[in-house]
Amino acid sequence: MSGTIAAIATPMIPSAIGILRLSGPGAVAAVDGVFTPFRGGPMSERPDRALVYGALHDREGAVIDHCLCTVSRAPHSCTGEDTAELQCHGSPAALALGLEALFAAGARQALPGEFTRRAFLNGKLDLTRTEAVADLIHAETPAAVRQAAGQLGGALADAVDGIYGGLADLCAHFHAVLDYPDEDIEPFEIEALSSALGAAADRLDALAATYRRGRLLNEGVPCAIVGRPNAGKSTLFNALLGYERAIVTDIPGTTRDTVEERVNFGGVLLRLIDTAGLREADDAVEQLGVERTRAAIGRAELILVVVDESGTPNEEDAQALRLAASSGKPWIHVASKCDLVGAAAGSMGTIGSGSGPAASVFLSAKTGQGMDQLERTVAALFPEPPASQAGALLTNARQAEAAGRAREALHRGAAALEAGMPPDAVVADVEQAMAALGELTGRTVREDVTARIFERFCVGK
């Protein structure tokens with residue numbers, strides 16, 4: 001990655017503000033070619049981070065906007081290079097003309113994520129902070145925002161660096177004793193090695209255990225809505241979304257396939273899965289739908305079992321309840337259509353554990369009664385991480401895989417030490433753990449890994 005890059009950093013829709021960004025050795029010269037301050041000299045003569053008001057020109061020199069401009073020079077910038085930013089009015093047409101002018105002034109189009117990638121390559125961000133930028137852009141709940149912001153602030157990197165630093169000290173001590181036997185260096189004690197390995201392994205175990213919560217926070221909780229045909233599943237699905245997404249009729253078996261949508265419910269991002277009704281079906285298409293319902297239960301992290309409160313419970317209701325109870329996943333018994341029988345909407349039961357439901361919620365998805373209780377129940381099942389953990393969760397498979405390899409290496413080293421292996425064999429496992437932790441933060445990382453990370457980014461970021 002070389003040269004000076006430019007991009008529109010805001011969505012291409014009419015808005016109050018639109019931003020043009022530049023980074024690279026020619027960033028300041030490029031804005032000098034397209035921006036004229038109303039007072040004083042060009043931006044190349046202005047101090048860093050000063051906001052200057054002036055006129056933006058197109059490539060022919062015609063004024064297309066009155067805007068603000070600021071520059072930051074290397075190495076004291078977000079990318080570590082010379083950078084510039086033009087804060088314009090949010091006209092897509094004006095921004096496109098301004099970008100063309102910057103290209104004519106020597107810049108080129110930035111690739112997706114190239115600004116952040118340059119910040120990583122120039123040591124301004126490690127990989128955990130880099131991934132936090134993308135997570136923050138895509139965050140859909142307040143909890144996800146706080147997690148990404150904490151990770152961007154270095155909470156995860158600090159946790160990893162603490163473990164890495166302890167292992168580095170251990171290896172340094174070992175090699176010092178080995179390489180300088182005549183020096184007055186404290187002996188390398190087996191008991192101390194065992195204690196250090198155990199402490200590091202415990203910290204890695206705790207870190208690895210955060211992945212499930214971090215993944216659900218970022219990706220959402222897969223939530224299967226199941227029950228017999230015409231129990232009110234699609235009505236509940238639509239009520240959770242706030243609009244008519246699934247077809248609702250009085251004819252049993254209307255839903256033949258899974259329908260999936262995302263919604264923020266009780267501060268929890270749910271990946272809702274409306275499923276076909278569970279029953280013995282002769283129709284081949286409906287049978288396939290029932291099979292997909294069972295598959296949805298298998299991949300769900302939360303199951304809502306909808307039972308029609310206005311009808312008589314039957315074997316199909318019992319089957320749905322048994323499937324949820326045997327899934328090993330948290331599930332909620334939703335007694336639906338309580339408006340038809342005059343039942344009081346609300347909750348029966350509390351957050352529980354084991355094979356029983358977390359709660360039984362009586363509601364009417366049609367009138368909205370009881371939906372607030374369902375929301376509170378979901379929020380209680382997936383609480384926001386405590387403030388002390390904000391940013392310190394593993395949130396993606398790459399991080400979890402690297403932490404897992406480091407954890408396995410330490411446990412392997414501890415087992416070797418217990419089996420009487422010499423310290424140099426144990427230290428080899430410690431060094432493997434350090435290499436895996438280095439991949440987590442980007443101390444050591446392959447080019448194909450970084451390429452996959454930046455695939456998530458948009459142009460201009």
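# Exercises on a predicted protein model

The protein chain has an accessible surface of about 21000 Å², and carbon and sulfur atoms account for 54% of that surface. The model is a predicted one. The chain contains 15 helices and 14 strands. Buried residues make up 47% of its 461 residues.

## Exercise 1

Determine whether A416 is buried or exposed, and identify the residues that A416 touches beyond its sequence neighbours.

*Solution.* Begin with the location: A416 belongs to helix α13, which covers residues 397-418. Next, consider the accessibility. The relative accessible area of A416 is 15%, and a residue counts as buried under 20%. A416 is therefore buried. Finally, list the contacts. Leaving aside residues up to four places away in sequence, A416 touches M421, V426 and D429. For A416 and D429, the separation is 13 residues in sequence and 9.1 Å in space, taken from C-alpha to C-alpha.

## Exercise 2

Locate the salt-bridge partner of R262 and explain why the pair ties together parts that are apart in sequence.

*Solution.* Opposite charges on side chains can pair when the charged atoms come close. The partner of R262 is E140, and their closest N and O atoms are 2.6 Å apart. R262 lies in strand β9 (residues 259-265), whereas E140 lies in the loop between α4 (127-138) and α5 (142-152), so the salt bridge ties together parts that are 122 residues apart in sequence. As for accessibility, R262 is partly exposed at 40%, and E140 is partly exposed at 39%.

## Exercise 3

Describe the surroundings of R443 by naming its salt-bridge partner and the ring over which R443 lies.

*Solution.* The first step is the salt bridge: the side chain of R443 meets that of D161, with an N to O distance of 3.3 Å. This pair links distant parts of the chain, since R443 is in the loop between α14 (423-441) and α15 (447-454) and D161 is in helix α6 (residues 155-179), 282 residues apart. The second step is the ring: R443 lies over the face of Y164, at 4.0 Å from the ring centre. The third step is accessibility. R443 counts as partly exposed at 47% relative accessibility, and D161 is partly exposed with a relative accessible area of 29%.

## Exercise 4

State how many residues separate D372 and R376, and in which helix they lie.

*Solution.* Both residues lie in helix α12 (residues 371-381), and they are four residues apart, about one turn of the helix. Their side chains form a salt bridge of 3.8 Å, N to O, which satisfies the limit of within 4 Å. D372 is partly exposed at 42% relative accessibility, and R376 is partly exposed with a relative accessible area of 48%. Elsewhere, salt bridges that share partners join E81, R108, E114 and R118 into one network. The count of salt bridges comes to 19.

## Exercise 5

Classify the aromatic pair formed by F38 and Y53 from the geometry of its rings.

*Solution.* Two values describe a pair of aromatic rings: the distance of the centres and the angle of the planes. A search of the whole structure finds one aromatic pair. The ring centres of F38 and Y53 are 5.0 Å apart and the planes stand at 80 degrees, so this pair is edge-to-face. F38 is in the loop between β3 (35-37) and β4 (52-57), and Y53 is in strand β4, so the pair ties together parts that are 15 residues apart in sequence. F38 counts as partly exposed at 43% relative accessibility, and Y53 counts as partly exposed at 47%.

Definitions and conventions: Residues are numbered from 1 along each chain as its sequence is written. This is a predicted model: local features need pLDDT of at least 70, side-chain atom pairs count only at pLDDT 80 or more; totals for chains, interfaces and linings use all residues. Side-chain values use heavy atoms; hydrogens and water are left out. Helices (H or I, at least four residues) and strands (E, at least two) are DSSP runs, numbered from the N terminus. Buried means under 20% relative accessible area, exposed over 50%, partly exposed in between (1.4 Å probe, protein chains only). Contact means heavy atoms within 4.5 Å. Accessible areas come from the Shrake-Rupley method with a 1.4 Å probe; for residues, only the protein chains shown count as cover. Rings of Phe, Tyr and Trp (its six-membered ring) pair if their centres lie within 6.5 Å; planes under 30 degrees apart count as stacked, over 60 as edge-to-face and the rest as tilted. A charge sits over a ring if NZ of Lys or CZ of Arg is within 6 Å of the ring centre and within 35 degrees of the ring normal.
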